[in-house]
Amino acid sequence: MSNFVVNESTVILALETSCDETAASVVMGGNDVLSSIVSSQIEIHARFGGVVPEVASRAHMEALIPVMQSAITEAGILPSRIDAVAATAGPGLIGALLVGVSAAKSLALVWDKPFIGVNHLEAHLYAGLLDDPTLQFPLVVLLVSGGHTMIIEMRGHGDYTVLGRTIDDAAGEAYDKVARYLDLGYPGGPVIDRIASQGNAEAIDFPRPMEHDGLNVSFSGLKTSVINYVKKNPDVANVDVAASFQAAVVDVLCTKTIRAAQQIGAKGIVLGGGVSANSLLRAQMSERGAAAGFKVALPSRAMCTDNAAMIAAAAWHRLGADGPSSLSCGAYPNLKLDAVPR
Ligand code: KG4
Ligand code: ZN
């Protein structure tokens, strides 16, 4: 247990630079978001069709100080009011992570305040709790992003079990790959989401991989089915492919998440990660989850995608439970959900 005093007035400045968003946020007491600034690099990477790690690191270097200054100004506080400085320590791109970790450690050193290295995956779980503090444990969290797809049992703060995961592509990765094949641009999730609403979701009966099989998921075969179908039917409308592909992804994600919630007797279902901004996933999970008797929490879209408010929320809990990280804490590209960066 930590002997560091953490309470409702503890103010944390958090930085997030794990992938292609440069973000800074000031949060008081673990859930009072005083500011949350996100500067996206999407336009910089779009011309390459995906995130270019070296380009991302350089863009973080340029954006971080102004983003941080905006976060402090918008919070309406003096830097001397900040009690601790946090940064995402992993998982993510090594060069990108190092920008945020180095900046946060430098500030902590200069201000003589604690530094907290935060696990980005754990932070995504806290995004849902930030938006709805009334949620009760145990929860099932569906974490669906560009790099991860996991169904997680959250029994309490820092107490998780991964119940299911993708055995190949992440859900967001499948969206991005299908969109690239259809020439729809990057990132693919938001485009497919938008055009799917103009298509017929029953036009093509794509497979629901591993639907009846445990809690793991697989998207690689579905992506191949889409590519093969379009090769054989070159005149098919993109809107119908998008709608039918999306229906298959969402169907599998909802079925597995509700199954997990039933198995552990969850008090609620929470979505997290970039793909949880998806309109159909939000609508279907709400409807099917409620029909199965579960409270379903949908974080705002800003909380679904990468941001630093969720990093500050996770840091507040970790600081109270484990105390600060050491200033020799590094950046960990492959950090697992239950690993605490020290
Ligand atoms: O969590 P996130 O911002 O970054 C990480 O991967 O950590 O997630 C980005 C992913 C991308 O693959 C993007 O295509 C997907 O989330 N995404 C969506 C939507 N918005 C973002 N996928 C489906 N529908 C959306 N509306
Ligand atoms: Zn993320």
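Ligand 1 lies between two domains, because domain 1 (11–126 + 306–322) and domain 2 (135–303) both contribute residues to the shell around it. The structure described here is a predicted model.

**The ligand site**

The largest pocket is where ligand 1 sits. Among the secondary-structure elements, those that supply two or more residues to the shell around the ligand are α4 (120–131), α5 (171–181) and α6 (188–196). The greatest contribution to this shell comes from α6, which provides four residues.

In total, 20 residues surround ligand 1. The closest of them are Gly146, Asp176, Asp193, Gly274 and Asn278. Sorted by class, the shell comprises 12 polar, five nonpolar and three charged residues.

**Polar contacts of the ligand**

Asp193, Gly274 and Asn278, which are listed with the closest residues, also have N or O atoms at short listed distances from ligand atoms, as tabulated below.

| Residue | Protein atom | Ligand 1 atom | Distance |
|---|---|---|---|
| Asp193 | side-chain N or O | nitrogen | 2.8 Å |
| Gly274 | backbone N or O | oxygen | 2.9 Å |
| Asn278 | side-chain N or O | nitrogen | 3.0 Å |

Taken alone, ligand 1 exposes 560 Å², and the protein buries 87% of that area. For Asp193 and Asn278, the atom facing the ligand belongs to the side chain: a nitrogen atom of ligand 1 is 2.8 Å from the side chain of Asp193, and a nitrogen atom of ligand 1 is 3.0 Å from that of Asn278. For Gly274, by contrast, a backbone N or O atom is involved, and its partner is an oxygen atom of ligand 1.

**Backbone features in the loops**

Which residues does a cis peptide bond join in the loop that holds Pro91? The bond links Gly90 and Pro91, with omega at about -10°. Pro91 is placed in the loop between β4 (84–90) and α3 (94–111).

A cis peptide bond also runs from Tyr186 to Pro187, where omega is near -10°. Pro187 belongs to the loop between α5 and α6. These two helices are among the elements that give two or more residues to the shell around ligand 1.

Asp112 is not a glycine, yet its phi is positive, at about 55°. This residue is located in the loop between α3 and β5 (115–119).

How values were computed: Residues numbered from 1 in each chain as written. Chains lettered and ligands numbered in written order. Predicted model: local features only at pLDDT ≥ 70, side-chain atom pairs only at ≥ 80, totals over all residues. Heavy atoms only, no water. Near = heavy atom within 4 Å. Polar contact = N/O pair within 3.5 Å; in protein donor to acceptor, adjacent residues only side chain to side chain. Areas by Shrake-Rupley, 256 points an atom, 1.4 Å probe, with all protein chains shown as cover. 1 Å grid on protein atoms, 1.4 Å probe; cavity = no way out; pocket = protein on both sides within 12 Å on 5 of 7 lines; lining within 4 Å. Sits in = over half its atoms within 2 Å of the grid points. Nonpolar A, V, L, I, M, F, W, Y, C, P; charged D, E, K, R; others polar. Domains from an automatic or database assignment.
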